[in-house]
Amino acid sequence: MLSYIIRRLIFLPIVLISLSLMIFSMMMLLTPVQRLAVYAPDPSFMKGGADFVAQQIEKYGLDDPFYLQYGRWIGNIFRGNLGWAESYSMPVSQALVELFPATAELGLLAMIPIVLGAIWLGTKAAVHHNDVFDHSIRVFTILGWSFPTYVFALIVLMVFYGWLNIFPAGRLSHWATMEVASESFRAYTGMNILDAILNGNGAILLDAIRHLVLPVITLAYVWWAGMVRIMRSSMLETLRQDYVTTARAKGLREKVVQNRHARRNALLPVITIAGLIVAQLMGGLVITETIFDYHGLGQFASRAAQNLDFPAILGFALYFAVILVAVNLVVDLMYAFLDPRVKIG
Amino acid sequence: MKIPRYLLKNPLALTGVVLLSAFVLIAFLAPVITTREAYQISPYQMPRSGFWQRPQPPSPEHPLGTTQSQYDIYYGMVWGTRTAFKIGLGVVLAGALIGVCIGSIAAFYGGMVDELLMRVADVFMSFPFLIAAMVLTTILGKGLSQMMIALITFGWMGYARLIRSEILHIKEMDYIQAARACGASDVRLLVRHILPNSLYPVLVQASMNTGSMVLAASALSFLGVGTEPGYADWGQLIALARNWIMGVSGNPFAYWYTLIYPGVAIFLFVLAWNLVGDALRDILDPRLRGAKRV
């Protein structure tokens, strides 16, 4: 176990360097003037006129060979300078740190219905193999796979916000935003639900939940499809195992056989995929956050892309790569911990 | 005939084929079933009747209404079908070609070559597809071909891995050894003996991916980094509908036509490809043949 962790940690820098090389290569497709913005510490920097810009390109060596520029870029990042995000009027690094809790909150909350729903539906489908329930789940998952996230999101917004007005868009109501920003409310984590509980503030808690329902449903609906299919086939496979037959032969009740003997062992692939989904979920978050006007990293990325805000988009890509590597590490370790059959190291 | 009988026995597959044929027909007939205005430089540029922001409901002149900025929804939907085929087929063909080349080189030569190419694929895979494509499209600039390049750049790894594992399996088979013993060259072995036998999974994967690529492309257009404004593209039609989904007071669904028509088009297109891909897997994959299907 320990040697596995150490080996993973040794590989970590290699992965990070390859990812940063990939992002930097994309950046090198830009012209030197566009790249200069990535080094800008504040907005006045880019407004110095053509002579000044040419001077700065010289100064920052933006016409230098690839490896020199890469080294300088990485050095700058280690000093915490990711450039100025024009679309948010603040340094990129600051925006990324401030917006992270919101996205983490949404992503983690979405995982709960995705995993639980998939386990439940997948088990049902496998137990009722080939009957009406199974068929309807199959149709449901194919439909889910084919339905664009943003169309689904716009439709639920149309119905639940425009028509019924129960679940609003945004991250908090106006009054709640004011209260969260005020002195009396202590922001421990930046995640509204957690903070509201820690502060014992029921009104904020309710408001935060109301705003989270629609984005969570949207993210969950799209990912259910894949997860249900995996749980179903895993469960089908387990139900055919000898020990399940043995359990039945012992005279155990069918419910006990299904839930205690089969389902537990069928869970492993779902947990693996759940870990992988955390990363892919972020792609969906860009669209979901944009549509629901939820102030997080996803919305930051889409706004930066629309405004051709290169420092912001590259900073986001890099930050995101680091988070992903960390998440993957945690998931791998958890997996090894959960399944005694996985021998690592 | 095997295929017609298979289709009749599988209503889902039949639905897919019928839907797909309908889309092919619409794409082919696009110049016939729409009228091009004199001022349109390219037929892919949607005609607009005026410069108002507010969408207009269906009328004899605009059978499906007009969306924001008075673009004709019907015209955009019909020509958008061609755009969807261009994106889906173009991205998947190019991606599969690159993937097959890299994957077969990796598998055939093995050792360091394999290790290097697969680690490169890992790096490309470690980034979420949509975000990577979004970043690259932003850098390359708006436009259909830029968007397709971005989707191809981050879309070849799946094929490479698939063909690699397939070739590793086939490489060890007796008939390959026999061909080698007969003095066949590396290229001949790969092209004549190995690839034809390992391509089926790639074909299935490709047909399944066509729908997802169209979804991804329309998502990019929706986020505002895809096609140029006014280009006949379903994703863009939905992006134009975005400001109007709240309707007007008293009638929340006043502008439903701006969202529902293009939304249904994308949904059916992707559904068609998914169903056809599912059916292809059944027909082409001998290992699944005879296996119980739902």
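User: How many residues does the contact take from chain A and from chain B?
Analyst: Happy to help! Bear in mind that this is a predicted model. Both chains contribute to the contact, with 39 residues from chain A and 36 residues from chain B.

User: Which elements give two or more residues to the side of chain A that touches chain B, and how does that side divide by class?
Analyst: The elements of chain A in question are helix 1 (2-27), helix 6 (132-146), helix 7 (149-163), helix 12 (254-291), helix 13 (297-306) and helix 14 (310-338). By class, that side of chain A has 27 nonpolar, ten polar and two charged residues.

User: Are helix 3 and helix 10 of chain B parallel or oblique to each other?
Analyst: Helix 3 (residues 73-109) of chain B packs against helix 10 (residues 200-223) of chain B with axes 8 Å apart and an angle of about 130 degrees. Because of that angle, helix 3 of chain B is oblique to helix 10 of chain B.

User: What residues meet there, and how many are nonpolar?
Analyst: From helix 3 of chain B come residues including Ala84(B), Ile87(B) and Val91(B), and they meet residues of helix 10 of chain B, among them Val202(B), Ala206(B) and Met213(B). In this contact three residues are polar, none is charged, and the nonpolar ones number twelve.

User: Is Ala118(A) buried or exposed?
Analyst: Ala118(A) sits in helix 5 (residues 92-127) of chain A. Beyond its neighbours within four places in sequence, Ala118(A) is in contact with Trp224(A), Met227(A), Val228(A), Met231(A) and Val270(A). Because Ala118(A) has 26 C-beta neighbours inside 10 Å, it counts as buried.

Note on methods. Residues are numbered from 1 along each chain as its sequence is written. Chains are lettered from A and ligands numbered from 1 in the order in which they are written. This is a predicted model: local features need pLDDT of at least 70, side-chain atom pairs count only at pLDDT 80 or more; totals for chains, interfaces and linings use all residues. Two residues are in contact if their C-beta atoms, placed from the backbone, lie within 7 Å. Helices (H or I, at least four residues) and strands (E, at least two) are DSSP runs, numbered from the N terminus. Ala, Val, Leu, Ile, Met, Phe, Trp, Tyr, Cys and Pro count as nonpolar, Asp, Glu, Lys and Arg as charged, and the others, Gly among them, as polar. Axes are lines fitted to C-alpha atoms, for helices over the stretch in contact, and angles run from 0 to 180 degrees between N-to-C directions. Angles under 35 degrees count as roughly parallel, over 145 as roughly antiparallel, 65 to 115 as roughly perpendicular and the rest as oblique. A residue is buried if 20 or more other C-beta atoms lie within 10 Å of its own, exposed if 12 or fewer, and partly exposed in between; C-beta atoms are placed from the backbone.
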